[in-house]
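Biologist: Got a minute to walk me through this one? I'd like to start with the pocket and then jump around.

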Amino acid sequence: MIETAYAKINLALHVRRRRDDGYHELETLFAFVDAGDTLTVSPAARDEVRTIGEFSGGLTDPFDNIVAKALNLLPREQSWRITLEKNLPVAAGLGGGSADAGAVFRLVGRAVGLPGDWHERAARLGADVPACVESRVCIGRGTGTELEPVENDLAGMPVLLVNPRVALSTPRVFSQWHGADHGPIAEGTARHIAKTGRNDLEKAAIAICPEIADVLGAFDATDPWLVRMSGSGATCFALYETVELRDQVAQWLAKWKPDWWQLPGKLR
Ligand code: C5P
C-alpha cells in the first residue's frame with residue numbers, strides 16, 4: 001500500500017489565548033496540498049520505519065518518529081515495515097510529522113479499519129494530527145483538534161509552497177506570540193475565511209527568521225490571490241488563479257533564489 005502524507009497549510013491561523021498548560025487556543029482554517037511525503041507499507045516480522053528522501057536527515061531519532069508512535073497506537077493483525085520518503089522540510093509549518101501520522105491512520109483504516117476513538121488517539125500525537133487524518137479543508141478550534149466542516153470552494157486552486165530552508169521550532173514561535181487577541185476567523189466559505197484571515201504567528205516567526213519576510217515579499221510581487229505564512233513557519237504559500245502563473249513564479253524563484261525549497265501543487 002502507498003499513501004501520500006499531504007502537506008498541511010493554514011489558510012488562516014488566529015491565535016486567541018495562551019493557556020495555563022502552555023498550549024494556545026486558536027482558530028484555524030486547515031487546507032492540504034495534493035503532494036507531500038510518501039509512505040509505502042509492506043508486511044514485516046515486526047513494525048519498522050525506514051526513512052529515505054531529501055529531508056530524511058532531519059529525522060534524527062528513529063524511536064521518536066511520529067510514524068512509529070502512530071503505528072504503536074493502532075492495532076493491526078500484521079506487523080508493517082513503513083518506508084517514509086521525506087519530501088517535506090522538517091520543522092517547517094507544514095505539519096510534516098502530523099501529515100505522516102495522518103497517513104498512517106488512513107493506511108490502517110484501509111487495511112483493517114480505524115478504532116472508534118481514532119480522533120482521540122490522533123490528538124494524543126499532536127494538535128494537527130486529527131486534521132491531517134482527514135486531510136480535507138476544515139476549521140480547527142481549541143488547540144486545533146476540534147474540527148468543523150466548511151464549504152470548500154478552493155479545491156483545485158494552484159498553490160506554491162516556499163521555504164527558505166530554515167528550520168523553526170513551533171514551541172519557540174508560539175512562545176514569542178505577542179499575546180494580543182485580534183479576533184476570530186470569519187464565517188462563510190473557505191475562500192472567504194482565507195481571504196479575510198491572518199496568521200497571528202507571522203510577526204513572531206519573522207523575528208526569529210527574517211528570511212520569512214523576504215519570501216512573503218517575493219510572493220507579494222507575483223499577483224497572487226493570497227499570500228501567507230503556514231503554521232509557525234518558515235514555509236509560506238501563495239495561491240494563484242492559474243497554473244500558468246504559478247509555474248512562471250516557480251521558475252522565476254528557482255533562478256532568483258535557488259537555495260529556497262519549493263513545492264507546486266493544487267489544494268485538495
Ligand atoms: O501538538 P504539537 O506537538 O504539534 O504542538 C507542538 C508545540 O506547539 C506545543 O508543544 C506547543 O508549544 C505549541 N502549540 C501551542 N498551541 C497549539 C498547538 C501547538 O502552543 N494550539
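Modeller: What follows goes through the pocket, the cores, a few loop residues and some backbone oddities. Keep in mind that this is a predicted model.

Biologist: How much space lies in the largest pocket?

Modeller: About 1,200 Å³.

Biologist: Which residues lie nearest its centre?

Modeller: Ile66, Gly97, Ser98, Leu125 and Thr170. The full lining has 44 residues.

Biologist: And which elements give two or more residues to that lining?

Modeller: Two strands and four helices do. The strands are E1 (2-18) and E2 (24-43). The helices are H1 (66-73), H2 (96-112), H3 (118-125) and H5 (170-175).

Biologist: How do the lining residues divide into nonpolar, polar and charged?

Modeller: There are 18 nonpolar, 18 polar and eight charged residues.

Biologist: Switching to the interior. How many residues has the largest nonpolar core?

Modeller: That core has 30 residues. The ones with the most contacts inside it are Ile9, Leu11, Leu29, Leu161, Leu239 and Leu267. E1 and E2 each give two or more residues to this core. So do strand E7 (158-163), helix H6 (190-196), strand E9 (236-239) and strand E10 (261-266).

Biologist: Take Leu29. What does Leu29 touch, leaving out residues up to four places away in sequence?

Modeller: Its contacts include Ile9, Asn10, Leu11 and Ala12. Val137, Cys138, Ile139 and Val150 are also touched by Leu29. Ala190, Ile193 and Ala194 complete the set.

Biologist: What about a second core?

Modeller: There is a separate one of 29 residues. Among them are Ala5, Ala101, Val129 and Ala131.

Biologist: New topic, Asn65. Where is the place of Asn65?

Modeller: Asn65 sits in the loop between strand E3 (48-52) and H1.

Biologist: Is Asn65 buried or exposed?

Modeller: Asn65 is buried, because its relative accessible area is 8%, and the cut-off for buried is under 20%.

Biologist: Which backbone nitrogen lies 2.6 Å from a polar atom of its side chain?

Modeller: That of Val67. Beyond four places in sequence, Asn65 touches Val49, Thr51, Leu59 and Leu84.

Biologist: On to the backbone. Which residues does a cis peptide bond join?

Modeller: Gly233 and Ala234, with omega about 5 degrees. Ala234 lies in the loop between strand E8 (226-229) and E9. Most peptide bonds are trans.

Biologist: What is the phi of Ala91?

Modeller: Phi of Ala91 is near 55 degrees, a positive value in a residue other than glycine. Ala91 is in the loop between strand E4 (80-85) and H2. Its relative accessibility is 36%, so Ala91 counts as partly exposed.

Biologist: And Arg165, what about its phi?

Modeller: Arg165 has a positive phi too, about 60 degrees. Arg165 is in the loop between E7 and H5. At 44% relative accessibility, Arg165 is partly exposed. Most residues other than glycine have a negative phi.

Biologist: Last stop, Gly183. Where is the place of Gly183?

Modeller: Gly183 is in the loop between H5 and H6. Gly183 is buried, because its relative accessible area is 14%.

Biologist: How far apart are Gly183 and Arg141?

Modeller: They are 42 residues apart in sequence and 13 Å apart in space, C-alpha to C-alpha.

Biologist: What does Gly183 touch, again leaving out residues up to four places away?

Modeller: His14, Arg16 and Arg198.

Definitions and conventions: Residues are numbered from 1 along each chain as its sequence is written. This is a predicted model: local features need pLDDT of at least 70, side-chain atom pairs count only at pLDDT 80 or more; totals for chains, interfaces and linings use all residues. Side-chain values use heavy atoms; hydrogens and water are left out. On a 1 Å grid over the protein atoms alone, a cavity is a set of points where a 1.4 Å probe fits but cannot get out, and a pocket is an open set with protein on both sides within 12 Å along at least five of seven lines; lining residues have an atom within 4 Å of a point. Grid points are joined across faces, edges and corners, and a volume is the space filled by probe spheres set on the points. Ala, Val, Leu, Ile, Met, Phe, Trp, Tyr, Cys and Pro count as nonpolar, Asp, Glu, Lys and Arg as charged, and the others, Gly among them, as polar. A nonpolar core is a set of buried Ala, Val, Leu, Ile, Met, Phe, Trp, Tyr and Cys residues joined through side-chain atoms within 4.5 Å. Buried means under 20% relative accessible area, exposed over 50%, partly exposed in between (1.4 Å probe, protein chains only). Contact means heavy atoms within 4.5 Å. A polar contact is a pair of N or O atoms within 3.5 Å; within protein, one must be able to donate a hydrogen and the other to accept it, and residues adjacent in sequence count only if both atoms are side-chain atoms.
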